[in-house]
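Welcome! Please take a look at the sequence and the model below before reading on.

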Amino acid sequence: MDITINKQIVPKNEKEQDFTPVFKINNLNLWYGQDHALKDIKFDIPEKQVTAIIGPSGCGKSTFIKTLNRMVEMVPIVRMSGEIVYRDKNIFNAKYGVEELRTQVGMVFQKPNPFPKSIYENVAYGPRIHGIKNKKVLDEVVEKSLRGAAIWDEVKDRLNENAYGLSGGQQQRLCIARCLAIEPDVILMDEPTSALDPISTLKVEELVQELKKDYSIVIVTHNMQQAARISDRTAFFLNGEVVEYTDTSTLFSNPSDKRTEDYITGRFG
Ligand SMILES: Nc1ncnc2c1ncn2[C@@H]1O[C@H](COP(=O)(O)OP(=O)(O)OP(=O)(O)O)[C@@H](O)[C@H]1O
Ligand SMILES: [Mg+2]
């Protein structure tokens, strides 16, 4: 009897904070000019798990994920308030360089965007920028990254061919390899499979499951089945707000907000 009472009075958040956060987001607000695109966002993103961001078009998913590596600031009309703490450092602190942040927080985009260079050079590019010149070391990084992105066997005999000759699904895994080559801590993915066929999508989904052993992953997806299949925690965004954020199985089986329920049962969006 006591236990039941205790259970009821334990605040939900306390129960849910059973992880090491890689990002802590506190009262984040963002405006594009007058348009209030992110409203008082507050939640923590766990280390070495997959966090899915879902919600209808225009709700702020891409905007949010781009705040995490400060890419959103490239839009001149953007204003922000609040705080994003990445491993105990406030990323908006002037002392924390954006380049340093981006070596820790890599990003994979919706459309595969390889450089018009060879497969090898696409992956070697980041390490070269970071000063690695030794060919043997570069060869090792390239192989390790391509293996990590589950594409090595498909490209090992054509490393010097142009990346544009790969299929869309292969190009996306190459972009993931390019991201791995800089040895990030976090990988952000904005709808990484929406331009891919079902088989390539499955490969990327399997890859994400594999990568979470070593990396913390935040993935925006329109596809609720995908979020349910591959993520540990899910945040449901609506009109720039986080309506609900909890472990994925709870969000999909027992949502606590009516708006979440309406969305996941297809009543809107
Ligand atoms: N560069 C920009 N300038 C002005 N407004 C923008 C800009 N980018 C996004 N917005 C606005 O911010 C809001 C959120 O957009 P965002 O792209 O983050 O949504 P989303 O959830 O990623 O949508 P989708 O599912 O269609 O990709 C929208 O109202 C959008 O019009
Ligand atoms: Mg988007």
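What follows is a short tour of a helix, a hairpin, two cores and a loop residue.

## Before we start

This is a predicted model, in which local features need pLDDT of at least 70, side-chain atom pairs count only at pLDDT 80 or more, and totals for chains, interfaces and linings use all residues. Residues are numbered from 1 along each chain as its sequence is written, chains are lettered from A and ligands numbered from 1 in the order in which they are written, and side-chain values use heavy atoms, leaving out hydrogens and water.

Helices (H or I, at least four residues) and strands (E, at least two) are DSSP runs, numbered from the N terminus.

## Helix 6 and its two sides

Let us begin with helix 6, which has 14 residues (135-148). At 1.5 Å a residue (times one less than the number of residues), helix 6 should span 20 Å, and its end C-alpha atoms are indeed 20 Å apart. Leu-138, Val-142, Ser-145 and Leu-146 are buried in this helix; buried means under 20% relative accessible area, exposed over 50%, and partly exposed in between, with a 1.4 Å probe and protein chains only. Seen down the axis, the buried residues of helix 6 fall within an arc of 95°, so they line one face; the arc is taken from the directions from the helix axis to the C-beta atoms. On the other side, Lys-136 and Lys-144 are exposed.

What covers the buried residues? Helix 5 (119-129), helix 7 (152-155) and helix 8 (168-180) are included in the cover. Just after helix 6, Ala-150 has a positive phi of about 55°.

## Two cores

A nonpolar core is a set of buried Ala, Val, Leu, Ile, Met, Phe, Trp, Tyr and Cys residues joined through side-chain atoms within 4.5 Å. The largest one has 43 residues, and Leu-146 and Ile-176 are among those with the most contacts inside it. Helix 8 gives the largest share of this core, five residues. Apart from it lies another core of 33 residues, including Phe-19 and Val-72.

## A hairpin and a loop

Strand 9 (residues 233-238) and strand 10 (residues 241-247) run antiparallel, joined by six bridges; strands pair if DSSP finds at least two bridges between them. Arg-233 stands opposite Asp-247. Two residues lie between the strands of this hairpin, and Asn-239 in the turn has a positive phi of about 50°.

Finally, Thr-193 sits in the loop between strand 7 (186-190) and helix 9 (198-211). Thr-193 is buried, with a relative accessible area of 10%.

Terms used. Contact means heavy atoms within 4.5 Å.
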